[in-house]
Amino acid sequence: QVQLVESGGGSVQPGGSLKLACAASGSIAGVNVMAWYRRPPGKQREWITTITRDGRTNYVDSVQGRFTISRDNAKNTMYLQMNGLKVEDTAVYYCNSYYPIYDWGKGTAVTVSS
């Protein structure tokens, strides 16, 4: 019954930056691994980054070095700082537990175009 609400998406030019936020209605302090996912237009949803309860992170190669995941367990909030955005980053972005998956939120749309 955890509810997830993503925010912070928008339209930017290539090379721009956005910071996404994920607000959880319940506590995420006890969730070992949280994650961000994205679904590009016409493609399947894909995992892009995870963060453990104690702050360990990993990233899919396509965003490594450009995106930074973080979490504030006390505020039940997770973030995704996205820098150096590329056209191929255009997608709807979702947050969730890595496992088990909670009910998906609506996501927040990111469009990168000239």
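## Salt bridges and the disulfide

A search of the whole structure, which is a predicted model, finds four salt bridges. Three of them are set out below.

| Acidic residue | Basic residue | N to O distance |
|---|---|---|
| D89 | R38 | 2.9 Å |
| D89 | R66 | 2.7 Å |
| D54 | R56 | 3.2 Å |

The bridge of D89 and R38 links distant parts of the chain: D89 is in the loop between β8 (77-82) and β9, R38 is in strand β4 (residues 33-39), and 51 residues separate the two. Both D89 and R38 are buried.

D89 also forms a salt bridge with R66. This pair, too, joins distant parts of the chain, 23 residues apart, with R66 in the loop between β6 and β7. D89 counts as buried because its relative accessibility is 1%, under the 20% limit. R66, at 13%, is buried as well. Salt bridges that share partners join R38, E46, R66 and D89 into one network.

Leaving aside residues up to four places away in sequence, R66 touches Q81, M82, N83, G84, L85, K86 and D89.

Are the residues of the D54 and R56 bridge buried or exposed? D54 is exposed, at 57% relative accessibility, and R56 is exposed at 55%.

The search also finds one disulfide. The disulfide joins C22 to C95, with an S to S distance of 1.9 Å. C22 lies in strand β3 (residues 18-24) and C95 in strand β9 (residues 91-97), 73 residues apart. The link is right-handed, with 70° about the S-S bond. C22 and C95 are both buried.

Definitions and conventions
Residues numbered from 1 in each chain as written. Predicted model: local features only at pLDDT ≥ 70, side-chain atom pairs only at ≥ 80, totals over all residues. Heavy atoms only, no water. Disulfide = S-S within 2.5 Å. Helix = DSSP H or I, 4+ residues; strand = E, 2+ residues; numbered from the N terminus. Buried < 20%, exposed > 50% of the residue type's maximum accessible area, 1.4 Å probe, protein only. Contact = heavy atoms within 4.5 Å. Salt bridge = Lys/Arg side-chain N within 4 Å of Asp/Glu carboxyl O.
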